[in-house]
Amino acid sequence: MPKFVIERTLPGAGKLTAEELQAISRKSVDVLDAMAGRAQWLHTYVTDEKLYCVYIADDAETVAEHAAAGGFPCDSARPVATVIDPTTAERSAA
């Protein structure tokens, strides 16, 4: 399944309490459970005003379906083309 980065605008996201974040997480997990494995949440980065979520899903429509069912904003869902990290800079042994 492809990996997606989802951008969600949520004013004040960085000030959410642990309890509020737990409630959001619980709702997301409940919706995912009902989707019978068509999407999987990997993790989310919380910034001051936005959430950036990483999901594995059948397609962008599945990501949008999850957002609608959970009442979550979904500004964009972009497929991940590749992942790079510091090891990408290392020279390969040829």
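**View 1. Strands β1 and β4 side by side.** Four bridges link strand β1, residues 3-9, to β4, and the two run antiparallel. Keep in mind as you look around that this is a predicted model. To find one of these links, start at Val5: its bridge partner in β4 is Arg78. What holds such neighbours together? Strands of a sheet pair through backbone hydrogen bonds, and they can do so in a parallel or an antiparallel way.

**View 2. The whole sheet.** Step back and you'll see an open sheet of four strands, in the order β2-β3-β1-β4, with antiparallel pairing. Which strands stand at the edges? They are β2 (39-46) and β4 (76-79); each has a single partner strand, so one side of each has no neighbour in the sheet. The sheet isn't flat like a sheet of paper, either: neighbouring strands are turned by 25° against each other on average, ignoring direction.

**View 3. Helices on the sheet.** Now add the helices. Helix α1 lies across β2 and β3 (50-57), and runs at about 160° to β2. Helix α2 packs on the sheet too, touching β1, β2, β3 and β4. The direction of α2 makes about 40° with that of β1.

**View 4. Where α1 meets α2.** Helix α1 (residues 18-34) and helix α2 (residues 60-70) pack with their axes 9 Å apart, at an angle of about 125°. That angle is why the two helices count as oblique to each other. Their crossing is right-handed. Which residues make the contact? From α1 come Lys27, Ser28, Val31 and Leu32, and from α2 come His66, Ala69 and Gly70. Sort these contact residues by type and you get three nonpolar, three polar and one charged.

**View 5. Zooming in on Ser28.** You'll find Ser28 in helix α1. Is Ser28 buried or exposed? Its relative accessible area is 4%, so Ser28 is buried, as that value is under 20%. Skipping residues up to four places away in sequence, Ser28 touches Trp41, Tyr55, His66 and Phe72.

**View 6. Leu10 in its loop.** Leu10 sits in the loop between β1 and α1. With a relative accessible area of 25%, Leu10 is partly exposed. Setting aside neighbours within four places in sequence, Leu10 is in contact with Leu16, Ile24, Asp48, Glu49, Lys50 and Leu51. For a sense of scale, try Leu10 and Val29: they are 19 residues apart in sequence and 18 Å apart in space, C-alpha to C-alpha.

How values were computed:
Residues numbered from 1 in each chain as written. Predicted model: local features only at pLDDT ≥ 70, side-chain atom pairs only at ≥ 80, totals over all residues. Heavy atoms only, no water. Axes fitted to C-alpha atoms, helices over the stretch in contact; angles between N-to-C directions. Parallel < 35°, antiparallel > 145°, perpendicular 65-115°, else oblique. Left-handed = near helix turned anticlockwise from the far one by under 90°. Contact = heavy atoms within 4.5 Å. Nonpolar A, V, L, I, M, F, W, Y, C, P; charged D, E, K, R; others polar. Buried < 20%, exposed > 50% of the residue type's maximum accessible area, 1.4 Å probe, protein only. Pairing = 2+ DSSP bridges.
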